[in-house]
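Visitor: I am new to this structure and would like a close look at a single part of it. Please take the charged pairs and explain what they connect, then go on to whatever else helps.

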Amino acid sequence: MAPTDETGQAAPQSSPFGTTPPAPPPPPAGDTGANGRMPRWLPRALVLALALVALFQLGSWAFHQLTGLLINILIAFFLALAIEPAVSWMASRGMRRGLATFIVFIGVIIVSAGFVTLLGSILADQIIKMIEGFPAYLDSVINWINTHFKTDLKRVDIQEGLLRSDWLRNYVQNSATGVLDVSAQVIGGLFQLLTIALFSFYFAADGPRLRRTICSLLPPARQAEVLRAWEIAVNKTGGYIYSRGLMALISGAAHFVLLQALDVPYAPVLAVWVGLVSQFIPTIGTYLAGALPMLIAFTVNPWYALWVLIFVVIYQQFENYVLQPKLTAKTVDIHPAVAFGSVIAGTALLGAVGALIAIPAIATLQAFLGAYVKRYAVTDDPRVHGHRRRGEGPSLVTRARQLWVRRAGTERPEGGHAEDRGSGGGRSDGGESRDGRSGDGRSEDGESGQGPA
């Protein structure tokens, strides 16, 4: 056993020559043993981790607080891309870019204000007519109830009961308290529109300066890519807006002629409504837009509503197969299913704003990918066009004949026909029988299938 010192640890053994072996080297200062100190890097790592968590929380809070502003900037950017072709065209004719942007903005504001005013007038007139005709409508309902249910209701009693009801009192109180909320929402909406208009004006008027600023931060190779992407976005967004605007004008004019011929009231406003809604809401916009003129035409004559429905369906087919391919062949060519899905996705992400900018964004992305994704020539295979190769599988007539033979075989009685019973179990369709004979009575070696004499 090795000798130990007073602490209980084994004492170092001395060599035969009277010298002691060297002591083992001490552990590194940064390592921790059972009784070691905290590593030097651990406090700095903890501080760095806490700082990263704090920065993430701060960034998340700032992003949520600035979501409204970011959405407004996104809308303003797409609006600036939409008016960029018109502004650039006017600027190329010698007009100052700021003045050209101002003129385009004034035109957009006048058109939007006129549409909102006309639509508001039709809604206000309809509401006034409904309020004025409500007593007569209520009298007709009361008379019908009294006639069929043998009651004695009076309009004066019903009105007094409604005025004294707790439900009406609570509704009036809630409406009075909600007036401030509605006013705040209106003021907030006006401020949002002003913010979008200002950013759109600056993006359109200072478009070249903004591109130069972005390109100055990138190497020359990346600058070309950024300018190419910007040009694609301008062409697709502007092309989408202008092509849809032209189709909205044609659609509105066609529906105006129909409504005016049927003597439907508010024909100009309804035509503008149908033109805008049918073009800027894909796939189902035409039928949503046609519901309002059908409803108003129904109040004039129920047959007029049917004529409006027929015209809407026919015009939709004309637009899909004749008008739209010619107008959107060089601007925005998106499959209807992709357009409808993009609108749904944009609505889920950004609400009504996402629905408006979804199609230009998808068109820009599709054009950008088409410019950089390599494509190959498609093989001349009939299966590409949805046709089957000739000789691949039985024809329709052959399959029908086989099905008929199979059904006839299953419905045949157990005994079968006399010639089948005497054929030794041979198949009637020309196949080989169990004893090697073919269905025509010949054996495999080609001799006659006659038995021995």
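**The salt bridges and their surroundings**

Guide: Glu-84 and Arg-211 form a salt bridge in which the closest N and O atoms are 3.9 Å apart. This pair links distant parts of the chain, since Glu-84 is in helix α2 and Arg-211 is in helix α7 (residues 207-215), 127 residues apart. The model is a predicted one.

Glu-84 has a second partner. Its side chain meets that of Arg-97 in a salt bridge of 2.6 Å, N to O. Arg-97 lies in helix α3 (residues 97-132) and Glu-84 in helix α2, so this pair ties together parts that are 13 residues apart in sequence. Taken together, Glu-84, Arg-97 and Arg-211 are linked in a network of salt bridges. A search of the whole structure finds two salt bridges. As background, side chains of opposite charge can pair when their charged atoms come close.

The setting of the charges can be stated too. Glu-84 has a relative accessible area of 7% and counts as buried because the limit for that word is under 20%. Arg-97 is buried as well.

Helix α2 also takes part in contacts between rings. By the rule used here there are nine aromatic pairs. One of them joins Phe-77 and Phe-203 edge-to-face, with 6.1 Å centre to centre and 85 degrees between the planes. Phe-77 lies in helix α2 (residues 67-92) and Phe-203 in helix α6 (residues 166-205), so the pair ties together parts that are 126 residues apart in sequence. Phe-77 is partly exposed, at a relative accessible area of 27%. Another edge-to-face pair is that of Trp-144 and Phe-149, at 6.0 Å centre to centre and 70 degrees between the planes. Trp-144 is partly exposed at 48% relative accessibility, while Phe-149 is exposed at 55%. Ring pairs also link Phe-77, Phe-78, Phe-199, Phe-203 and Trp-230 into a cluster.

Two further places complete the tour. A nonpolar surface patch of about 810 Å² is made by residues including Tyr-287, Trp-303 and Ile-314. Helix α11 (residues 302-327) gives the largest share of that patch, seven residues. Tyr-287 is placed in helix α10 (residues 285-300) and is partly exposed, with a relative accessible area of 41%.

The other place is Asp-263, in the loop between α8 (220-261) and α9 (267-280). Asp-263 has a positive phi of about 60 degrees, although it is not a glycine. Most residues other than glycine have a negative phi. Asp-263 counts as exposed, at 61% relative accessibility.

How values were computed: Residues numbered from 1 in each chain as written. Predicted model: local features only at pLDDT ≥ 70, side-chain atom pairs only at ≥ 80, totals over all residues. Heavy atoms only, no water. Patch = residues over 30% accessible without salt bridge, like charges linked within 9 Å, V, L, I, M, F, W, Y side chains within 5 Å. Areas by Shrake-Rupley, 256 points an atom, 1.4 Å probe, with all protein chains shown as cover. Salt bridge = Lys/Arg side-chain N within 4 Å of Asp/Glu carboxyl O. Helix = DSSP H or I, 4+ residues; strand = E, 2+ residues; numbered from the N terminus. Buried < 20%, exposed > 50% of the residue type's maximum accessible area, 1.4 Å probe, protein only. Phe/Tyr/Trp six-rings, centres within 6.5 Å; stacked < 30°, edge-to-face > 60°.
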